[in-house]
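Biologist: I would like to learn how to read strand pairing and surface charge in a model. Please take one case at a time.

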Amino acid sequence: MGRRRKKGRPISGWLIIDKAYDFGSTEAVSKAKWLFQAQKAGHAGTLDPLATGVLPIAFGEATKTSAYVMDAQKHYRFTAKWGEATSTDDVEGEVIANSDKRPTREEIEAVLPDFTGEIEQVPPQFSAIKVAGERAYDIARDGEKVELASRLVTIYDLEIVDTPSADETVFEARTGKGAYVRALVRDIAHALGTEGHVSELRRLAVGALRAEDGITLAALEDMETLEERDEALLPIASALDMMPQADIDGPQADKLRRGQAAIVSPAIAKGIRGGASGNIEGVLALLHGDAVAICELDGLKLKPSRVFNS
């Protein structure tokens, strides 16, 4: 009996969805997969239903790079509403605590250095973190208390960009993997002697994938042909600009695709190393700008660890 043929088109690439408000990430992936009639799709990092902005969706061979994109820096713009804590740390939950304290801009700016760099953070109870095999938000929705351990996360930049009222402050932040903006606002509020939650959240970028380069699902639905939708796809390499890159020729590309090591020139190896010593992992090999493989540089050898077959 022959191998069962996969349904859908074997397309590969990245799609930057500018996700709408009150729309789930999994729902967005399913919709995009259907719109593109794609064989395989997945997202690189959940975005809360009440958040908008960049939801990177990988098709086909691009799914092999999802972990690298999830590790990339995230850029957020968000509004903190002071005086109320909620069960979800955003507007979806019920109010669980109140405070009359409204921090001034000067007071807020004074505590921001404490929330910049590597910090300890306890994730929100309503989060996708697994506890004994269950998602924390599923346990919390059942009314049970979720005990989540604190962990180290990195906040690269954190600044105030607007103060529309005494009740609200607008921030922008660049964060590392695993950082929760909802937890950040909750903890800043407590440091200021008040309560707070996120009233609005927009993800502006995930690594090199930016909201201004994105497209809404509604716009994709309005397109009449698959060819039109395909024009919104970005090449695999577009999401991997954080990696050192090596341009190779056709014969070298063929070797990598067969799982064999390719040899690069001393000049290329030196450029990849940038003064570092030892083996370099996570090198993107490119043929005419197209991703061939993610490799390890060992001396002058590029050893493939993840090969793209598109």
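Modeller: This is a predicted model. Take a hairpin to begin with: strand S12 and strand S13 (residues 209-210) pair in the antiparallel sense, over 2 bridges.

Biologist: Which residue is the bridge partner of valine 206 in S13?

Modeller: Leucine 209 in S13 is the bridge partner of valine 206. The hairpin of S12 and S13 has 2 residues between the strands, and there glycine 207 takes a positive phi near 60°.

Biologist: In which sense do strand S3 and strand S12 pair?

Modeller: Strand S3 (residues 52-59) pairs with strand S12 (residues 196-206) in the parallel sense, and 2 bridges join them. To place that pairing in the structure, look at glycine 53, which stands opposite arginine 203 in S12.

Biologist: How many bridges join strand S4 to S12?

Modeller: Strand S4 (residues 74-82) is joined to S12 by 9 bridges, and the two run antiparallel. Histidine 75 has alanine 205 in S12 as its bridge partner. S12 thus has a parallel pairing with S3 and antiparallel pairings with S4 and with S13.

Biologist: Now a sheet. What is the order of the strands in the open sheet of 5 strands?

Modeller: The order is S14-S16-S17-S18-S15, and the pairing is mixed. The edges are S14 and strand S15 (262-263), each of which pairs on one side only. Inside that order, strand S16 (residues 280-287) and strand S17 (residues 290-298) pair in the antiparallel sense over 7 bridges. Isoleucine 280 stands opposite leucine 297 in S17.

Biologist: Let us turn to the surface. Which residues gather in a patch of negative charge?

Modeller: The patch of negative charge on the surface is formed by Glu224, Glu227, Glu228 and Glu231. Glutamate 231 belongs to the loop between helix H7 (226-230) and strand S14 (245-247). S14 is also one of the edge strands of the open sheet.

Biologist: Why is glutamate 231 called exposed?

Modeller: A residue counts as exposed if its relative accessible area is over 50%. Glutamate 231 is called exposed because its relative accessible area is 70%.

Biologist: And the chain as a whole: what share of its residues count as buried?

Modeller: Of the 310 residues in the protein chain, 45% count as buried. The chain has 9 helices and 18 strands. Its C-alpha trace spans about 70 × 50 × 40 Å along the principal axes.

Notes:
Residues are numbered from 1 along each chain as its sequence is written. This is a predicted model: local features need pLDDT of at least 70, side-chain atom pairs count only at pLDDT 80 or more; totals for chains, interfaces and linings use all residues. Side-chain values use heavy atoms; hydrogens and water are left out. Two strands pair if DSSP finds at least two bridges between them. Helices (H or I, at least four residues) and strands (E, at least two) are DSSP runs, numbered from the N terminus. Patches are made of residues with over 30% relative accessible area and no salt bridge: like charges are joined within 9 Å, nonpolar side chains (Val, Leu, Ile, Met, Phe, Trp, Tyr) within 5 Å. Accessible areas come from the Shrake-Rupley method with a 1.4 Å probe; for residues, only the protein chains shown count as cover. A salt bridge is a side-chain nitrogen of Lys or Arg within 4 Å of a carboxyl oxygen of Asp or Glu. Lys and Arg count as positive and Asp and Glu as negative; His and the chain ends are not counted. The place of a charge is taken as NZ of Lys, CZ of Arg, CG of Asp or CD of Glu. Buried means under 20% relative accessible area, exposed over 50%, partly exposed in between (1.4 Å probe, protein chains only).
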